[in-house]
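I opened this notebook page to look up how charged side chains pair with one another, and where in the chain the partners sit.

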Amino acid sequence: MHYQSFVRSCFRNTLLLLLLLTNIGVFAQNNTSPQLPTDPTQPKIDPSQVTNQQAVDFYNQAKSAGMSDMDIEKAALQRGYTLDQISTMRKRLQQKPNEKQTNDPNRDELDETRDQDDADQLEDEANNERDSTNARSARNRRLSRTFGSAFFSRTTSTFEPNLRIATPRNYILGPEDEIVVDIYGNAVDNFRMKISPEGTVKMLNLAPVYVNGLTIEQASERIVNRLRQAYSTLNRPGSGTYSSITLGNVRSIHVMITGEAARPGTYTVSSLATAFNALSISGGPSLNGSYRNIEVIRNNKIIRKIDLYKFLVDADLRDNIALQDQDIILIRPFETRIELNGQLKRPGIFEAKPGETLGNIIRYAGGFTPEAYTKTFTYQRNTGTNYMIGSIDSLQIETFAPKNGDIFNVKRILDIVANQVEIRGAVTLPGPYALEERCNSVLKLIQMAQGLSPRAFLNRAILERSSGETQTGIVAIDLRKLVNGEIADIPLLAGDILTIKSVEDLKEFTFLTISGSVINPGNYYYYKDITIADLIFQAGGYTEGGIPYRIEVSRRVKNDTLDLPSSQNVRIFSIDVADNLVLNPDDQKFKLQPQDIIVVRKSPRYEPQKSVTVIGEVRYPGNYTIINNFERISDLFGKVGGLRSEAYLPGARFYRGQELIAVDIEAIVNKPSLPSNLLLMHGDTLVIPRRLETVRIQGGVHNPSVMNFDSKFSYDDYISQAGGYTEQGWKKRVYVSYPNGRTHRTKNFLFFRSYPKVEPGAVVTVPVKVAEPDRQKTPGERIALFSFIASMVSTLTLAVITLSRNN
């Protein structure tokens, strides 16, 4: 959206305040200047209660009634509304840009034209820069990277004069300013006087006082002198009557902003407004506007040249002068702009004044970053026909004069430490060190690292050194001779790396493995002269049941193969170790070797307690310990004290590992010698249920259901109760599952069929035949079938004839 001018917003706000007080119709007079309403009885309405659209509608009606913008503003001020309220309304409108507004068509056209000109200029620059790849990317970001543009680009921020400050002593009074006179002490009075167009104010019945063009201090002196005609002792020492003269509501003034401004035009601002206030509401310099050559013109004379860099860089407000009515702010086009890229705190596009050097511009950019390479950096310059690359060293920064369009690039420093040496490995404090007088040789570097570690390998050390070629060379050092002074010390060069290894670094690290009855079995480091007792100690000692007199050591064969057959690759040793790991000279005789595997056996009579569980209808249900390895299921009934009267032994179930084992418990009790009388194992469970009184019929019957058990019912009776067989019911394959997990199926012999017995808790299952799809036989299959039948008939005929002849 296009920005609206400050004057248009101000007129709308004052109009809003005015038209809430009086009717629009009073403004329409017959070809005469509008008469301002002065009825004080009309209510004063809070401007926050009126919408932006209402203000726009009122504004259009007032303009059509013949009122000028100045008439609208004067009417609002005469009705008692202050510039504070006008400022409040302006802020509220700026915070609601989405509400419909009626714009000044001429001003909108001007804004659109300038925006289009800026866009066209950027497009032209991009087209011209196609011949220079290096300049294109920087120029396309020119608008957003220009130093100072961000200060004026925030549309939500304001830079308005503070209307709540004390009256400036150098404020110049003019028409429409309000002066407030308070008299206190022995006499009390108050006057609020507006300066007339003739520049005078009038109090009581006294003669007018001319105050136009005076400061508030000068005007106060004249007003007091005039009031002494009514109060003779006013402000005299010891009189008891005093006065206070301050500035009330201030007038509005008109300033014009022209030249290379983002939104040039005429703006109505408070008489307290300064140059920076006006620049802020106009959007600041445009794309080609200068930030360092802005002129304030009064009565056709330049009274101040503004350099915004003084404010942006040093917070210098000396150029922020107070404006007067009809002042002109002229923004000149820039003359010299350069671009700073790379390692600067604030890279961007900066404007240079004549006589300024590159050092001044770098200061505006905040200086170099800590990573900047400042010894030399390059720049690109437009010669008029092409681009030229140049370089600058650090001594030229304060004297080098930049030209318009120069692009400077500051690179990052090299990621290399120029005076570093490093020591690695078996020293107390490895790491990088500075190459200096106290650390310029191998021995001195070792001393800086607080000496060698006790496990340092002294036969050889390596010094890596860059020789300036692509390959890095190494220097081998006999560290033992160097430390003992048998060879001369070796000077160090920048970038040298000294590596000293430990004894462990140069050999394969070996392990021992221990398993069996120890608390922490696993792999352990091998140490010289380690014994089995030492290893068991490291493994946490024996577990319960572990025995020290049968420990097996498995050792791989290396060179001692004289007494071994060719097929044997290991030796097995059986060792006895003192109990409780007490130090024993005999234990020290057998030394372990790398990769040995040690197994600690468990006592043959050690076994953890085993138990079984009996639940259900027994006298003493619960867990019972297995005394020996020969206890069987039948032995449990003596432990539990027998069965209860409601126990149903044929339905007893036996579980092992949560899996039902199909055994006939009743048969086992009656005949313990049966093979089904299993040996007990840890975790077995025996369940003795109550008598079951139901029978379930399922599968290929018309009415699958659960019914009560009746001892008078036969198998056919239960099937009849379930509605009989379905067409798919497979009678030959009926089976009955009993509560103890056993299953009996139907037995068939010739034309006789014997069904299983139905008992309480049984489940009768009638399998369902799988219907096979009908398939017509092929002609070949029919011929084969007929041939088979004919062959069988022929064979039977021949057999009958043969038998008859024999008889």
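I looked first for linked pairs in this predicted model, and I noted a network of salt bridges that joins Arg292, Asp307, Lys353 and Glu356.

Within that network I followed the contact of Arg292 with Glu356, a salt bridge with an N to O distance of 2.4 Å. Arg292 belongs to strand S8 (residues 289–298), while Glu356 sits in the loop between strand S12 (348–351) and helix H12 (358–364), so the pair ties together parts that are 64 residues apart in sequence. I then looked up accessibility and found that Arg292 and Glu356 are both buried.

Next I turned to Arg332, which makes a salt bridge with Glu295, and I recorded 3.1 Å between the closest N and O atoms. This pair also links distant parts of the chain, with Arg332 in strand S10 (residues 328–333) and Glu295 in strand S8, 37 residues apart. Arg332 has 33% relative accessibility and therefore counts as partly exposed, whereas Glu295, at a relative accessible area of 5%, is buried.

My third entry concerns Arg363 and Asp314, a salt bridge whose closest N and O atoms are 3.4 Å apart. Here the distant parts that are linked are helix H12, which holds Arg363, and helix H11 (residues 308–314), which holds Asp314, the two residues being 49 apart. I noted Arg363 as partly exposed at a relative accessible area of 43%, and Asp314 likewise as partly exposed at 46%.

Finally I looked up the total, for which the cut-off matters: counting a side-chain nitrogen of Lys or Arg within 4 Å of a carboxyl oxygen of Asp or Glu, I arrive at 20 salt bridges.

How values were computed:
Residues numbered from 1 in each chain as written. Predicted model: local features only at pLDDT ≥ 70, side-chain atom pairs only at ≥ 80, totals over all residues. Heavy atoms only, no water. Helix = DSSP H or I, 4+ residues; strand = E, 2+ residues; numbered from the N terminus. Buried < 20%, exposed > 50% of the residue type's maximum accessible area, 1.4 Å probe, protein only.
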